[in-house]
Amino acid sequence: MLKPYDVEQAAPESSEVAIVQKSSRSPRKPKVKKLFVLDTNVLMHDPTCLFRFEEHDVYLPIGTLEELDGHKKGLSDVARNARQASRFLDEIVVGDLEAIKKGLPIRLKDGQHSRGRLFLQTEAINGELPATLASGRTDNQILSVVRHLQTQESSREVVLVSKDINMRIKARALGLAAEDYFNDKVLEDADLLYTGVRRLPRDFWESHGKGVESWKKDGHTYYRLSGPLVPKLHVNEFVYDEGGERPLYALVREIAGRQAVLETLRDYTHAKNSVWGINARNREQNFALNLLMNPAVDFVTLLGQAGTGKTLLCLAAGLTQVLDDKRYSEIIMTRVTVPLGEDIGFLPGTEEEKMQPWMGALEDNLDVLNATDESGGEWGRAATRDLVRSRIKIKSLNFMRGRTFVNKWLVIDEAQNLTPKQMKTLVTRAGPGTKVVCLGNIAQIDTPYLTEGSSGLTYVVDRMKDWPHAGHVTLARGERSRLADHAAEAL
């Protein structure tokens, strides 16, 4: 047993050991700020990019500012973005030349200062570049600025940020660091996009069946359960288990803490539940029809390759609820007018007549839906076709701003070609009682500056997945024809 004085003598030894251990650790290196040199296309793509670099500094060459000035005229999205970027710069750039040389604090929208600073090119810079690169081109002037800064700011990393792939390739060939602008991307990999469908593990009932509650209401069976999978689930996500004797197809109705409520689905593959003569041909189509026919879901997104039935299911559900259930007053269809090949020029006629050539998919699907009505013979089908066409309006995106659609079934076709800003403009047109359905295939983007990660369709799928009145399904199997299915895989 130690005496009091033994403890007093032992204490200094242990504290000395502690001091030695602390001093043996290497001191933490201070984090060095990077210097990002912005190409013009980044500012024209996202004017708010100036505020997106957190604690790092931003540098604007004079060539970037001149190109920005050259693109500010016009009514296109690029011109609007150029003007907005100039306004942001006007707010930031205040003070004399000395203040600009030291770097200007970037003020955020809430009045706070970001930890980074903005530098402008205030003197002529002639970084040495290979003689084969023409000195008159703005891209090469920006590269020479990056080369100069790399020499001048040797203590930190200088990175060129550009949306132009060829510009980044040239920079890397010259030994300069270059990267894409990533802040506009919702996802780095499109394979990580939320599908809206989850296969339950084989041991699901063993791990989640303890203390499960079950009840029936309005023809649906409900299960309240808890377990390790519950935190990973999303509201309105579809779950299925086809391993047992009786397969389970259910929707996550609600999540409260560690508990989730599952609701069994209506079987739209059965003939008695046909929608305008159409039945679901596979599991995902059944899920999609459950969302489209559910009045509690105001926003639906359907993704899938060509031939998966997106437009057909959407129109069948819309016509049923407009003409039979009287839930909505009419169907409104719109899409981005991006041509697949060369543009054929101006089209004659009214707004609806101009949009008609872009709506071939609508006419094709109406022919299919009209053929399913066998009552009344040829006259009956003709009358039905006229009635159906009178309830479908085709609108152009150009005239959507400021409108409000009340009690409408709004369909946004080819939504993968929309930017996040355009998508927001369209979805916010919805008034009371309106349902918005977005259809698209992110593998078929025709707009030059959009990718699978930055498309407006990817944006809304990711941002709306946890809202209780929104649902999403990625349709997996093509049902158009065996030729179309094989071509989609083989070609």
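Which residue's side chain does E330 join through a polar contact of 3.4 Å? I looked this up first and found K393, whose side chain makes that contact with the side chain of E330; a polar contact is a pair of N or O atoms within 3.5 Å, where within protein one must be able to donate a hydrogen and the other to accept it, and residues adjacent in sequence count only if both atoms are side-chain atoms.

I noted that this is a predicted model, in which local features need pLDDT of at least 70 and side-chain atom pairs count only at pLDDT 80 or more, while totals for chains, interfaces and linings use all residues. Residues are numbered from 1 along each chain as its sequence is written, and side-chain values use heavy atoms, with hydrogens and water left out.

Next I placed E330 in strand β14 (residues 330–335), strands being DSSP runs of E of at least two residues and helices runs of H or I of at least four, numbered from the N terminus. E330 counts as buried because its relative accessibility is 17%, and buried means under 20% relative accessible area (1.4 Å probe, protein chains only).

I then followed β14 to β16, which run parallel and are joined by 6 bridges; two strands pair if DSSP finds at least two bridges between them. I found that T334 has I412 in β16 as its bridge partner.

Strand β16 (residues 408–413) has 6 of its 6 residues buried, so it is largely enclosed by the rest of the structure. I checked both faces and saw K408, L410 and I412 buried on one side, with W409, V411 and D413 buried on the other.

Note on methods
Buried < 20%, exposed > 50% of the residue type's maximum accessible area, 1.4 Å probe, protein only.
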